[in-house]
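Please open the model in your viewer and keep the selection tool at hand, since this tour moves from one selection to the next.

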Amino acid sequence: MQRTLCLVKPDAVNRNLVGRILSMIEAGGLRIIALKRVRLTLAQARGFYQVHAERPFFDELTRYMCSGPLVAAVLEGENAIADYRALMGATDPAEAAEGTIRKRFALNKEQNAAHGSDAPETAAFEIGYFFNRLELEG
């Protein structure tokens with residue numbers, strides 16, 4: 001079994017879309033094994049997105065990610081990373097396939113409703129950033 005991190009971003013939480021997004025995830029065959037609502041500080045958002053620190057969008061992204069609460073979840077499935085990324089759709093909702101989370105719920109490329117890990121190494125870091133061992137094994 002493979003695990004991946006799912007973040008329901010502040011824009012989607014603010015619009016009461018958490019249940020609908022989680023429902024799509026479960027209907028897509030992924031199992032939610034850990035779940036919490038959190039609000040990041042700017043320092044925490046910067047730490048989470050440290051891989052993008054040199055990119056021009058870093059400051060805007062990190063400010064956005066601490067602009068309101070988000071919901072973090074750990075998803076599990078045979079091919080959880082690829083399956084969840086397919087379910088999310090393209091980063092830009094204009095390019096996302098019909099029926100994907102971002103096509104249905106994203107406002108724009110930045111406020112795109114959801115985040116997902118892109119590789120096993122990234123998933124390990126991201127899951128550990130939000131969840132401790134007890135939360136994952138309880």
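## The two cysteine sulfurs

Select Cys 6 and look for its closest cysteine sulfur, which belongs to Cys 66 and lies 19 Å away, too far for a bond. A disulfide would require the two sulfur atoms to be within 2.5 Å, and in this predicted model the count of disulfides comes to zero. Coming from the other side, Cys 66 is likewise in no disulfide, its nearest cysteine sulfur being that of Cys 6. Cys 6 is buried, at 0% relative accessibility, and Cys 66 is buried with a relative accessible area of 17%.

## Salt bridges

Next, display the charged side chains; a search of the whole structure finds six salt bridges, of which a few are visited here. Begin with Arg 3 and Glu 76, whose side chains meet at 3.1 Å, N to O. This pair links distant parts of the chain, with Arg 3 in strand β1 (residues 2-8) and Glu 76 in strand β3 (residues 70-77), 73 residues apart. Arg 3 is partly exposed, with a relative accessible area of 32%, whereas Glu 76 counts as buried at 14%. Add Arg 31 to the selection, and you have a network of salt bridges that links Arg 3, Arg 31 and Glu 76.

Move on to Arg 46 and Asp 59, which form a salt bridge at 2.8 Å, N to O; here the link runs from helix α3 (residues 42-48) to helix α4 (residues 58-65), with the two residues 13 apart. Arg 46 counts as partly exposed at 34% relative accessibility, and Asp 59 counts as partly exposed at 37%. Then select Glu 98 and Lys 103, where the closest N and O atoms of the salt bridge are 4.0 Å apart; Glu 98 counts as exposed at 67%, while Lys 103 is partly exposed at 29%.

## Aromatic rings

Which residues form one aromatic cluster? Select Phe 48, Tyr 49, Phe 125, Tyr 129 and Phe 130 to show it. The aromatic pairs come to five in count. The rings of Tyr 129 and Phe 130 have centres 5.8 Å apart and planes at 65°, so this pair is edge-to-face. Tyr 129 is partly exposed at 31%, and Phe 130 is buried at 8%. For a charge over a ring, select Lys 36, which lies over the face of Phe 131 at 4.9 Å from the ring centre.

## A loop residue

Finally, select Thr 91, placed in the loop between α5 (80-88) and α6 (101-105) and partly exposed with a relative accessible area of 40%. Leaving aside neighbours within four places in sequence, Thr 91 is in contact with Arg 102, Lys 109 and Asn 112.

Terms used:
Residues are numbered from 1 along each chain as its sequence is written. This is a predicted model: local features need pLDDT of at least 70, side-chain atom pairs count only at pLDDT 80 or more; totals for chains, interfaces and linings use all residues. Side-chain values use heavy atoms; hydrogens and water are left out. Buried means under 20% relative accessible area, exposed over 50%, partly exposed in between (1.4 Å probe, protein chains only). Rings of Phe, Tyr and Trp (its six-membered ring) pair if their centres lie within 6.5 Å; planes under 30 degrees apart count as stacked, over 60 as edge-to-face and the rest as tilted. A charge sits over a ring if NZ of Lys or CZ of Arg is within 6 Å of the ring centre and within 35 degrees of the ring normal. Helices (H or I, at least four residues) and strands (E, at least two) are DSSP runs, numbered from the N terminus. Contact means heavy atoms within 4.5 Å.
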